[in-house]
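Here's a quick walk through some contacts worth having on screen. Load the structure and follow along.

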Amino acid sequence: MLTYIIRRFIGAIAMLIVISMVTFGIFFVVPQWAGSTPEAMASRYVGRAATPETVHLVAQKLGFYDPVIVQYGRFAKGIVAGAEYDYGAGVEQCPAPCFGYSFISGQPVWPDLLDRMPVTFSLAIGAALLWVLGGVSVGVLSALRRGTFFDRLSMGTALAGVSLPIFFTGMLSLVVFSYGLGWTPPGGSWTDFTENPAQWAYNLLLPWITLAFLFAATYARLTRAGMLETMGEDYVRTARAKGLTERDVVVKHGLRAALTPILTLFGIDFGLLIGGAVLTETTYTLPGLGQFAILAIRNQDLPQVMGVVLFAACFVVVASLIVDLLYAWVDPRVRLS
Amino acid sequence: MSFLDVKDLKIHFPTDDGLVRSVDGLTFGLERGKTLGIVGESGSGKSVTSLGILGLHKGGRAKISGEIWLDGEELVSAPAEQVRGLRGKKMAMIFQDPLSSMHPYYTVGHQIIEAYRIHHDVSKQVARKHAVDLLGRVGIPEPANRVDSYPHEFSGGMRQRAMIAMALSCDPELLIADEPTTALDVTVQAQILDLMRDLQREFNSALIIITHDLGVVAELADDILVMYGGKCVEYGSTDEIFYSPEHPYTWGLLGSMPRLDREPTERLLPIKGSPPSLINVPPGCAFHPRCPYADRTEGRASTEVPDLAPTERGHLVRCHMPRTERRTLWENEIKPVLETQ
Amino acid sequence: MSENEPLLSVRNVEKHFPVTAGLFKRQVGAVKAVDGISFDVFKGETLGLVGESGCGKSTTGRLVTRLLEPTGGAIDFEGRDITHLSQGKLRPLRRDMQMIFQDPYSSLNPRHTVGAIVGAPFRIQGVKTDNGVKKAVQEILELVGLNPEHYNRYPHEFSGGQRQRIGIARTLALKPKLIIADEPVSALDVSIQAQVVNLLEDLQKELDLTYVVIAHDLSVVRHISDRVAVMYLGKIVEIAERKRLYSSPMHPYTNALLSAVPVPDPKARKERERIRLKGDVPSPLNPPPACRFHTRCWKAQEICKTVEPPLESLASGHSVACHFPENAPVAATADTAGKD
Ligand SMILES: Nc1ncnc2c1ncn2[C@@H]1O[C@H](COP(=O)(O)OP(=O)(O)OP(=O)(O)O)[C@@H](O)[C@H]1O
Ligand SMILES: Nc1ncnc2c1ncn2[C@@H]1O[C@H](COP(=O)(O)OP(=O)(O)OP(=O)(O)O)[C@@H](O)[C@H]1O
Ligand code: SF4
Ligand code: SF4
Ligand SMILES: [Mg+2]
Ligand SMILES: [Mg+2]
């Protein structure tokens, strides 16, 4: 088990290094291949008004003339240990996860990211709870009542859930529930949890449901397929032969085994979602990471884009690491082999 | 009335391809302390019968009719919840493949404890002690340590022992073993058969052993029921079935088997063709397309289902051939050939 | 045993599968699936290979057909060393050596017709046939008891026994000299088993085939073999002519195996004296030292745990690897005991 954990950890770290290289490549190396000069890149940091000499100087100070390896080393060091920037007008400290400074606001990227996180986390965690509970229970019921009206209805709905884009369902729900019926607040409402939990939940209700609907559909289908398989397994027959009640047979024996693939999917989905529920946040104008990413891209704010990309990638890696460890905990055959 | 009495049991499955008559009018009885062997080829309805007795087809697609009396209680018409209460307690089952029949995520101990606590209101500690005792009884070394192992950490033989321990956890009065040794090696099979024989004596339970291996039933059974195409074709005491069988299918089974206890023959005597699909059971006598004596029954073989009728020695045979003709055939033609083997 | 030159000769053949563990997948040991076995197969005979699950029977079969490469020892086919031949050089050899597999369901491609399956060897080996491939295939189908009109049907339309016949037909296409049958009947019903066993025997007579039949069922092996080798944990512990092996087995393990087979004779169950082994077969990853059977052997002495008994001929054509064999001629036992 210990070797398994260690191996997974090493794997995750290697993955992170690769991701950082790729990100670095995309933002610093590819532009050069595409014909961008160090000066052109440096000019982003100093504003349009700067003279060529200043630009040259800044490019030198920022190390754009150095070999790629050296540049990458500096970039990686910035993320791990912080960095010092020297634009010619004095040295600035950029503390540990240093993704640089925004071109637009001049602020370090990381605190901005931190600011946005509660929104995205709130959205993701709430929706995840809903979709896992909803998707799995609908899936289980569908499997147990295979072929009935309930099964067809829920699987039909699930198909719709998978195929309808979120900006459509999102907009529709806004139009109907907020603007039409007035049951939910309009888009863009956000209250911090620490401020007023009830208001927080009330504001997020519609985004949660819309987002959960999208994912619940997949989970329902997956659960149904998994349950149909495990309920036909020999060990489920054994459980029945012992005299277990049908509920225990389904939950403790059938569902327990059917949940493992769902766990894997959940890790990936959740990780991706933390990286930015872009469409949902845009639709409901929530100030989360997704919206942050969109703004950064629209403004061509390179450090911000890079920061959000790296952060999202890290989260996917971490989430899948956690899932792998959970998986080993759930399935003793993985743990002991 | 016997302890277990099955009367005209029918279990049919409606499917897209047609009605599968998996069990089609089965009648037998069994006393405590006795063993019934059910033999037959793949797809003859053996497993469906055993699951049917346990009530595991209830609530499914199966259409069940007939009667199953267990110790004075009728199970076919009983509510599902009542039968569930008997399952695992009064009647228990051992399955063929012990690896796939145990849940891979739970320890062996957990699964035995669970089985015990369904029917006994005791604490986990008490149940755990019981599980350790049982594992020791079925011959697992160091049961106190092995109780926390997972099924995949056991060898095949140990897994089957653990399955047996689980089935015995509530002292069942009826134990059904569906091919309990088919997945095991011969030396381990011998151990398991010994164990089942000893345990049956100890518990005085009624035992049904299902198998396609005539050697296994010869070792354990008091009575034997031969199934073909969902029906019983011959049913009688073990000695009758082995020493004076009267159904051509039973003859065929005996002739197909290479035997270690006799001088080897030049050739085996197989049955031609292959077992029928239960969707399309041949009309009349289900065995007639494969039967070498089908022409001796004046054309009735393919039109009329023979009755299960008693022979002069008292066991039951389902065949149109007149009794005397069957006896002469067996005495003069079949037995001599089999004996020279 | 018409000629003295064996068709197949296996000498000290080993197959160790590496086992890796730890962070860097270092090799930490080896599954000694086959660990130094020797035997000969003569033209026209049937050698039976029996033993419990995991003792290395299938591995042996795949080694002699060179589907696997041995990690040690030598295999000669028709006097030619084929131990380390490359795949390319093996191709012509595949015509002469064929394998029949256990599972008639998974070993046939469900998307190919019977004609395509049975005819494939002709195409692969580029063999010219007198009246075209179709005619040749139909002849073979008839030979194995299938209707030649089945040519255009698919495997799923057939029963288990018929599928096994298709599998056999495929191996016969190129008139092989040696057929290795790995559990050819164990997936079949009793009544069908007998059909296939008879078919194998008929074909042997008709086509002058040589068989190595691998099975765990001792009665089936006795029925079709001329000589029988008993394997335990990657070793051959006893090899003898069929009659001798079954009537006077020498190795304690062979005795135990034979005594464990349930006999379909209810009266005999009371009379039979039984040998019951304790426990299961140990893992081939960590086989017991010296005599591998000593953990389960009721005759085991100190020497069995320290000195490995060699496979020695104690009577004509009867070799056994045991320090204290049963049923051995008196002189022979004294002889081995003296040596140790
Ligand atoms: N749930 C089901 N729905 C439809 N048909 C079924 C069902 N269960 C079993 N059958 C059919 O009933 C027949 C009898 O099956 P059963 O499992 O009892 O055979 P068996 O005698 O136990 O054979 P084996 O030796 O292969 O275990 C088979 O043809 C099978 O396909
Ligand atoms: N490719 C492989 N890698 C590692 N181990 C293997 C491999 N193939 C076989 N083994 C191991 O070698 C041993 C012998 O296997 P083999 O399949 O030859 O046994 P067998 O005698 O044919 O058993 P069975 O009766 O179950 O078919 C087993 O312990 C098996 O786990
Ligand atoms: S009824 Fe006719 S076909 Fe059926 S078993 Fe008897 S003799 Fe054979
Ligand atoms: S060598 Fe010893 S342990 Fe091995 S089989 Fe012979 S008597 Fe038994
Ligand atoms: Mg069955
Ligand atoms: Mg094998």
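## Around ligand 3

Which residues are the closest to ligand 3? This is a predicted model, and in it the closest ones are B:Cys285, B:His288, B:Cys291, B:Cys319 and B:His320, out of 13 residues that surround the ligand. Sort that shell by class and you get 9 nonpolar, 4 polar and no charged residues.

## Around ligand 4

Over in chain C, ligand 4 also has a shell of 13 residues, with C:Cys291, C:Cys297, C:Cys304, C:Cys322 and C:His323 as the closest. The class split for ligand 4 reads 9 nonpolar, 3 polar and 1 charged.

## Two domains in chain C

The domain assignment cuts chain C into domain 1 (8-249) and domain 2 (250-340). Their centres, taken over C-alpha atoms, sit 28 Å apart. Where they meet, 26 residues of domain 1 of chain C touch 29 residues of domain 2 of chain C. Together the two bury about 2,400 Å², with 62% of that on carbon and sulfur atoms. On the domain 1 side, C:Tyr232, C:Leu233 and C:Pro249 lose the most area, together 29% of what that side buries.

What about charges and polar pairs? There are 3 salt bridges between these domains; C:Glu308 and C:Lys235 form a salt bridge through their side chains at 3.0 Å, N to O. Polar contacts come to 17 residue pairs, both partners at pLDDT 80 or more. Among the elements that give two or more residues to the domain 1 side are strand E2 (26-41), helix H7 (218-224) and strand E10 (235-241) of chain C. E10(C) makes the largest share, 7 residues. By class, that side has 15 nonpolar, 4 polar and 7 charged residues.

## Where chain B meets chain C

Now for the chain-chain contact, which takes 49 residues from chain B and 41 residues from chain C. The buried area is about 3,800 Å², and carbon and sulfur atoms give 54% of it. On the chain B side, B:Thr187, B:Glu219 and B:Leu260 supply 18% of the area buried against chain C, more than any other three residues.

Across this interface there are 3 salt bridges. The side chains of B:Arg267 and C:Asp202 pair up in a salt bridge at 2.6 Å, N to O. Add to that 19 residue pairs in polar contact, again with both at pLDDT 80 or more. Helices supplying at least two residues each to the chain B side include H6 (156-168), H7 (186-203) and H10 (248-256) of chain B. H7(B) gives the largest share, 8 residues. That side has 21 nonpolar, 13 polar and 15 charged residues.

Definitions and conventions:
Residues numbered from 1 in each chain as written. Chains lettered and ligands numbered in written order. Predicted model: local features only at pLDDT ≥ 70, side-chain atom pairs only at ≥ 80, totals over all residues. Heavy atoms only, no water. Near = heavy atom within 4 Å. Nonpolar A, V, L, I, M, F, W, Y, C, P; charged D, E, K, R; others polar. Domains from an automatic or database assignment. Contact = heavy atoms within 4.5 Å. Buried area = accessible area lost by both parts, 1.4 Å probe. Salt bridge = Lys/Arg side-chain N within 4 Å of Asp/Glu carboxyl O. Polar contact = N/O pair within 3.5 Å; in protein donor to acceptor, adjacent residues only side chain to side chain. Helix = DSSP H or I, 4+ residues; strand = E, 2+ residues; numbered from the N terminus.
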